[in-house]
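Visitor: I should like to request a close look at a single part of this model. Please state the cut-offs behind each term as it arises.

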Amino acid sequence: MATQEQVDALRERINDVHEPRTFTDAELGAIIDAGAGLDADAAYFWGIKASRYADMADVQEGSSRRSLSDLHAQALKMAAYWRARASGEDDGGRAMRPARTRPIVRP
């Protein structure tokens with residue numbers, strides 16, 4: 001049985017902390033009880049969110065523009081991030097190139 005702390009931790013990972021919530025505590029608890037781990041569970045729920053965003057289209061009304069199709073792409077990126085964390089491919093740090101600098105040459 002998943003504890004409330006585990007449910008809250010998973011809810012944080014999937015950014016489902018504000019009302020109205022997308023998933024119930026029972027839904028989150030059932031997946032936690034399956035035993036894959038919180039990071040793998042987060043990847044699973046981000047995949048669900050991505051599927052819900054898949055049919056959203058960009059909207060432009062006058063000078064206002066909403067790029068709703070970006071939600072799908074971002075949810076897929078979050079699913080990939082948590083999947084990498086679950087598999088141990090990511091140590092939690094940002095995957096970035098090392099910084100390179102060079103002196104500034106002014107004309």
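Guide: A residue is called buried when its relative accessible area is under 20%, exposed when the value is over 50%, and partly exposed in between, using a 1.4 Å probe and protein chains only. The model is predicted, so local features need pLDDT of at least 70 and side-chain atom pairs count only at pLDDT 80 or more, whereas totals for chains, interfaces and linings use all residues. Residues are numbered from 1 along each chain as its sequence is written, and side-chain values use heavy atoms, with hydrogens and water left out.

The part chosen is the loop between helix 1 (4-13) and helix 2 (25-33), together with the charged side chains around it. Helices here are DSSP runs of H or I with at least four residues, strands are runs of E with at least two, and both are numbered from the N terminus.

Arg11 is a suitable starting point. It takes part in a salt bridge, that is, a side-chain nitrogen of Lys or Arg within 4 Å of a carboxyl oxygen of Asp or Glu. One partner of Arg11 is Asp16, with the closest N and O atoms 2.9 Å apart, and both of these residues are buried. Arg11 itself has a relative accessibility of 2%. A second partner is Asp25, for which the closest N and O atoms are 2.5 Å apart. This pair links distant parts of the chain, since Arg11 belongs to helix 1 and Asp25 to helix 2, 14 residues apart. Asp25 is partly exposed, at 33% relative accessibility. Arg11, Asp16 and Asp25 are thus joined in a network of salt bridges.

Within the loop, two backbone features deserve attention. Asn15, which lies between helix 1 and helix 2, has a positive phi of about 55° although it is not a glycine. Its relative accessible area is 52%, which makes Asn15 exposed. Further along, Pro20, also in this loop, is joined to Glu19 by a cis peptide bond with omega of about -5°.

Glu19 also enters a salt bridge, its side chain meeting that of Arg21 at 3.8 Å, N to O. Glu19 is exposed, with a relative accessible area of 63%, while Arg21 is partly exposed at 38%. In the whole structure there are 5 salt bridges, among them those of Arg11 with Asp16 and with Asp25, and that of Arg21 with Glu19.
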